[in-house]
Amino acid sequence: MLNYDIVIVGGGPAGLAAAVAARDAGIDKILILERDKELGGILNQCIHNGFGLHTFKEELTGPEYAYRFIEKVLEAKIEYRLNTMVMDISADRVVTAMSREDGMYQIQAGAVILAMGCRERPRGALNIPGFRPAGIFSAGTAQRLVNIEGYMPGREVVILGSGDIGLIMARRMTLEGAKVKVVAELMPYSGGLKRNIVQCLDDFGIPLKLSHTVVDIEGKDHLTAVTIAAVDEKSKPIPGTEERYTCDTLLLSCGLIPENELSRNAGVEMSPITSGPIVNESLETNIPGVFACGNVLHVHDLVDYVSEEAARAGENAAKYVKGQLSDAKSDIEITATDGARYTVPSTINIDRMDDKLTLRFRVGAVYKDSFVSVYFDDERVMHNKKRIMAPGEMEQVILLKNKLTEKPGLKKITVKIESE
Amino acid sequence: MEKRELTCIGCPMGCQITVELEGQDVKSITGNTCKIGENYARNEVTHPERTVTSTAVVLGGDKPRVSVKTKANIPKDKIADVMKEIDAAVVNAPIRIGDIVVKNVCGTGVDVVATRNIEAD
Ligand SMILES: Cc1cc2nc3c(=O)[nH]c(=O)nc-3n(C[C@H](O)[C@H](O)[C@H](O)COP(=O)(O)OP(=O)(O)OC[C@H]3O[C@@H](n4cnc5c(N)ncnc54)[C@H](O)[C@@H]3O)c2cc1C
Ligand code: SF4
């Protein structure tokens, strides 16, 4: 069996940043396993710009951002294997991988970092029975076709779901000469970033219809038209509101979901809310020595935060390998309530905590002029006003270690949204 | 006095900015978090600009297309013309990030450059 100090599953921005940080922390034997034929993950198909302003103070496209980290991995001579699919991870950190050249083999890892990213929600979103003609794609598939293969799926487009990929593809296909007729969103708010609504829809006069869904699809072999209708509060279509659009393409952009089959099989405890592992302050799962970061942990909209989070996972995995991470025990539980849906991490061991800890979370609805409040047991210690919070944008609060140690016996931290 | 509500696209924070205008005269800018937002709002109400990203055809490469961007912003009303020039461009592999794909696109003074590496096949 092969032996490595740290094995990283996935060579996207999370895996790359974790690898570089672990090397900087003095770990020699690091291996990145990537099932694709190149490093960089989903960023390779995200050719639009808007990446990296926080990290590099300039606006990069996805491939450029990825390459900044690929370069660091190459410079540091960190080992990686492409076209290599990880099939299994065991609770004692034996990683089973497979590639065409080497067949199936096993690696004993000192620590494992999960960085498998996410995938698009399945078509279930399209809640209509019956036959599916050709011309229906997930937005991410369309993105790969257009941006990597240079193939246009169609000329007249309707998009269901206003997730970022759908918005980005509305602009992309418009620029390539297609007519994007409408974006229909089931929820009363968009799941995408504000700036994408501005730059991808408003700029081109593409209407966004909130609280709408697709109720009918026409076409024998190939799609010819779809009908959308307004929905009530229970997401039920309202009769009489139907509008028919002729089109040859329907893109589904209904959100992303962390890719955690491997983690589940390894016995990693999952959060039903994020669909990602439950982690402590060190980004370590319930299995000692198994860490998680990036979109496999919770879906991020900013790659900068992915890189930052992944670097912390890399540093902590390095500490674990060197035996510098004290035993995991959770002194403090973090609870999200009243509009805050979850937090990452969800427990804190004071001994292991850095001077500063960033808690990331998402809200469950749109909140205007509201407060993010943090309670230490029953005492409110933070009360930050926010002009706007939306489910599509990740929020954060920073906890200071010295504030926590001032409160011996602290058991519970609560994050909630308050109107005043 | 005219009031314009904008969403800053300078970074993914997406601050909501309010601009007060008298004719072409910017009277006040509020709601931005940083200087980029102020500049963005001023430009957006007087002469809006965008970065265009797309792909160009590659000959002899390990991939059929190379992703490209305008190296700086171009006027918003030139987007369609810029796309036409990018669509007409053909580049030979190998290509490095930053290589010029279209020089001085549509006379804007801005180059279109490659945003990924493509190896020769
Ligand atoms: C369409 C789209 C637009 C976006 N736009 C922006 C933007 O404008 N600005 C911004 O900052 N961020 C943006 N993001 C977010 C950002 O790109 C992601 O958050 C980031 O790429 C996540 O990185 P990751 O490494 O966690 O996942 P990924 O990039 O998905 O990488 C995961 C990698 O793991 C590999 N993998 C998975 N399973 C296995 C396995 N079993 N064995 C081996 N390898 C495996 C995959 O092949 C993949 O390469 C966007 C994301 C998308 C999808
Ligand atoms: S004002 Fe500054 S912080 Fe706010 S969106 Fe613009 S660039 Fe970002």
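This passage describes the surroundings of the ligand, the strand pairings and some local backbone features of a predicted model.

Residues are numbered from 1 along each chain as its sequence is written, while chains are lettered from A and ligands numbered from 1 in the order in which they are written. As the model is predicted, local features need pLDDT of at least 70 and side-chain atom pairs count only at pLDDT 80 or more, whereas totals for chains, interfaces and linings use all residues; side-chain values use heavy atoms, with hydrogens and water left out.

A good place to start is ligand 1. Its shell holds 33 residues, the closest being Ala14(A), Glu34(A), Asn295(A), Asp301(A) and Val303(A); a residue is near a molecule if one of its heavy atoms lies within 4 Å of it. By type, the shell divides into 16 nonpolar, 12 polar and five charged residues. Here Ala, Val, Leu, Ile, Met, Phe, Trp, Tyr, Cys and Pro count as nonpolar, Asp, Glu, Lys and Arg as charged, and the others, Gly among them, as polar. At least two shell residues come from each of helix H1 (13–24), strand E3 (49–51), strand E6 (84–89) and helix H8 (303–321) of chain A. Helices (H or I, at least four residues) and strands (E, at least two) are DSSP runs, numbered from the N terminus.

Polar contacts (pairs of N or O atoms within 3.5 Å; within protein, one must be able to donate a hydrogen and the other to accept it, and residues adjacent in sequence count only if both atoms are side-chain atoms) can be followed atom by atom. His48(A) places a polar side-chain atom 3.1 Å from a nitrogen atom of ligand 1, and Arg195(A) places one 3.1 Å from an oxygen atom of ligand 1. From the backbone, an N or O atom of Val303(A) lies 2.8 Å from an oxygen atom of ligand 1. Taken alone, ligand 1 exposes 1,000 Å², of which the protein buries 95%; accessible areas come from the Shrake-Rupley method with a 1.4 Å probe, and for residues only the protein chains shown count as cover.

Strand E6 of chain A, one of the contributors to the shell, is joined by five bridges to strand E7 (residues 94–99) of chain A, and the two run antiparallel. Two strands pair if DSSP finds at least two bridges between them. Met85(A) stands opposite Met98(A) in E7(A). Four residues separate the strands of this hairpin, where Arg93(A) takes a positive phi near 65°. A further hairpin in chain A is built from strand E14 (residues 212–218) and strand E15 (residues 225–230), antiparallel and joined by six bridges. Asp216(A) is found opposite Thr227(A) in E15(A). Between E14(A) and E15(A) lie six residues, and Gly219(A) in the turn has a positive phi of about 130°.

Chain B offers two open sheets for comparison. In one, three strands are arranged in the order E1-E2-E3 with antiparallel pairing. The edges are strand E1 (2–7) and strand E3 (25–30) of chain B, each pairing on one side only, and the twist averages 25° from one strand to the next. Six bridges join E1(B) to strand E2 (residues 16–22) of chain B, with Arg4(B) opposite Val19(B) in E2(B). Helix H1 (residues 35–46) of chain B lies across E1, E2 and E3 of chain B and runs at about 125° to E1(B). Axes are lines fitted to C-alpha atoms, for helices over the stretch in contact, and angles run from 0 to 180 degrees between N-to-C directions; contact means heavy atoms within 4.5 Å.

The other sheet has five strands in the order E8-E5-E6-E10-E9 (chain B), and its pairing is mixed. Strand E8 (90–92) and strand E9 (100–102) of chain B each have a single partner strand, so one side of each is left without a neighbour in the sheet. On average, neighbouring strands of this sheet are turned by 45° against each other, direction ignored. Three bridges pair strand E6 (residues 65–70) with strand E10 (residues 112–114) of chain B in the antiparallel sense, and Val68(B) stands opposite Ala114(B) in E10(B).

Finally, some loops deserve a look. Most residues other than glycine have a negative phi, and most peptide bonds are trans. The peptide bond from Val344(A) to Pro345(A) is cis, with omega near 0°, and Pro345(A) sits in the loop between strand E21 (340–344) and strand E22 (347–348) of chain A. The bond from Ala93(B) to Pro94(B) is also cis, with omega near -5°; Pro94(B) belongs to the loop between E8 and E9 of chain B.
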